[in-house]
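The exercises below are to be worked through with the sequence and the structure open side by side. Each one sets a task and is followed by a solution in steps.

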Protein chains: 2
Amino acid sequence: MVAIDSDALAAAKLLAEHRLPGIVVTDAAGKPYAVLPASQVVRFIVPGYIQDDPSLAGVLSENAADRAAEKLRGKTVRDVLPEHLRDVPAVHADETIIEVAATMARFRSPLLAVVKDGELMGVITASRLLAAALKV
Amino acid sequence: MVAIDSDALAAAKLLAEHRLPGIVVTDAAGKPYAVLPASQVVRFIVPGYIQDDPSLAGVLSENAADRAAEKLRGKTVRDVLPEHLRDVPAVHADETIIEVAATMARFRSPLLAVVKDGELMGVITASRLLAAALKV
């Protein structure tokens with residue numbers, strides 16, 4: 001869980017260290033507000049001209065990876081959030097599997113925050129939800 | 001790793017059991033061909049009328065979760081693949097981080113297959129790639 005105005009590089013390191021598919025982003029009041037997927041951060045660190053023409057990636061030296069960290073430096077989590085994963089509601093601990101699945105499907109999010117009595121309890125990932133739905 | 005014409009329910013169970021953010025899908029020749037994210041399977045098991053109006057999810061009983069498995073039964077992996085994650089190329093073990101990131105960014109995929117000497121070596125996730133790029 002990271003705050004919306006916290007350091008984007010620190011958030012990326014958290015995703016990396018814990019091998020998370022994504023992370024819950026909280027607003028200024030500390031409430032779940034958005035979701036930042038690891039794949040979005042990857043998109044952010046790839047230079048724009050390479051996204052337009054991926055064949056150019058081969059021309060870059062491995063030093064380009066060092067510059068990847070530079071792309072995140074000085075940015076906040078807000079700067080790297082994808083548009084469609086802002087205002088993602090938390091689900092409540094007592095919601096049914098199908099309610100949680102519906103929210104996840106609507107936002108195309110890899111995970112959702114779970115709250116109970118107004119407190120953040122944790123996070124549910126798409127694969128954890130499948131485990132519950134399929135009883136594996 | 002699952003074959004394109006294999007059982008969708010079995011693939012969903014694999015994602016669930018191993019808590020994977022997604023799985024590599026191989027074509028009839030056994031070559032990496034596509035990526036099936038867990039979030040896509042979640043989308044698939046939510047009834048269409050609930051995706052259109054999520055408030056309806058609350059009306060369903062928890063039995064709806066049992067029916068989720070029914071939605072996958074008789075379907076193949078091909079049936080549940082998202083359009084944009086077909087024809088996702090594998091990356092080579094000797095590609096640079098920035099080359100892998102560029103391919104991941106282009107397909108907006110949570111993971112990619114990694115091949116070496118024509119053999120599938122494994123899978124790299126977005127968070128694993130961030131770990132390499134940020135040296136954490």
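**Exercise 1.** In this predicted model, classify the accessibility of Glu70(A), and then find the residue with which Glu70(A) forms a salt bridge.

*Solution.* Begin with the accessibility: Glu70(A) has a relative accessible area of 46%, and because partly exposed covers values between 20% and 50%, Glu70(A) counts as partly exposed. Next, look for the partner, which is Arg73(A), with the closest N and O atoms 3.1 Å apart. Finally, classify that partner in turn: Arg73(A) has 47% relative accessibility and is likewise partly exposed.

**Exercise 2.** Determine how many salt bridges the whole structure holds, and work out which parts of chain B are tied together by the pair Arg78(B) and Asp5(B).

*Solution.* A search over all chains gives four salt bridges. In chain B, one of them joins the side chains of Arg73(B) and Glu70(B), at 3.1 Å from N to O; Arg73(B) is partly exposed at 47%, and Glu70(B) is partly exposed at 44%. Another joins the side chains of Arg78(B) and Asp5(B), with an N to O distance of 3.1 Å. Since Arg78(B) belongs to helix H5 (residues 77–80) of chain B, while Asp5(B) sits in the loop between strand S1 (2–3) and helix H1 (8–17) of that chain, this pair links parts that lie 73 residues apart in sequence. As to accessibility, Arg78(B) is partly exposed at 38%, and Asp5(B) is partly exposed at 49%.

**Exercise 3.** Describe the interface of chain A and chain B by its residues, its buried area and its polar pairs.

*Solution.* First count the residues in contact: chain A gives 51 residues and chain B gives 51 residues. Then take the area, which is about 4,100 Å² buried between the two chains, with 75% of it on carbon and sulfur atoms. Ile98(A), Leu130(A) and Leu134(A) supply 16% of the area that chain A buries against chain B, more than any other three residues. The elements of chain A that each supply at least two residues to this side include helix H1 (8–17), helix H6 (97–107) and helix H7 (126–134). Last, check the polar pairs: between chain A and chain B there are zero salt bridges, and zero residue pairs in polar contact when both residues are at pLDDT 80 or more.

**Exercise 4.** Identify the residues with the most contacts inside the largest nonpolar core, and list what Leu72(A) touches.

*Solution.* The largest nonpolar core has 53 residues, and those with the most contacts inside it are Val25(A), Leu36(A), Leu72(A), Leu81(A), Leu129(B) and Leu130(B). Helix H6 (residues 97–107) of chain B gives the largest share of this core, eight residues. Leaving aside residues up to four places away in sequence, Leu72(A) touches Ala8(A), Leu9(A), Ala12(A), Val41(A), Phe44(A), Ile45(A), Val80(A) and Leu134(B). A second, separate core of 50 residues includes Ile124(A), Leu130(A), Ala16(B) and Ala69(B).

**Exercise 5.** State the domains assigned to chain A, and characterise the area buried between them.

*Solution.* The assignment gives domain 1 (1–88) and domain 2 (89–136), whose centres, taken over C-alpha atoms, are separated by 23 Å. Each domain contributes 13 residues to the contact. Together the two domains bury about 910 Å², 81% of it on carbon and sulfur atoms, and Val24(A), Pro32(A) and Val88(A) supply 45% of what domain 1 buries against domain 2, more than any other three residues.

Methods. Residues are numbered from 1 along each chain as its sequence is written. Chains are lettered from A and ligands numbered from 1 in the order in which they are written. This is a predicted model: local features need pLDDT of at least 70, side-chain atom pairs count only at pLDDT 80 or more; totals for chains, interfaces and linings use all residues. Side-chain values use heavy atoms; hydrogens and water are left out. A nonpolar core is a set of buried Ala, Val, Leu, Ile, Met, Phe, Trp, Tyr and Cys residues joined through side-chain atoms within 4.5 Å. Buried means under 20% relative accessible area, exposed over 50%, partly exposed in between (1.4 Å probe, protein chains only). Helices (H or I, at least four residues) and strands (E, at least two) are DSSP runs, numbered from the N terminus. Contact means heavy atoms within 4.5 Å. Domain bounds come from an automatic or database domain assignment. Buried area is the accessible area (1.4 Å probe) that two parts lose on being put together, summed over both. A polar contact is a pair of N or O atoms within 3.5 Å; within protein, one must be able to donate a hydrogen and the other to accept it, and residues adjacent in sequence count only if both atoms are side-chain atoms.
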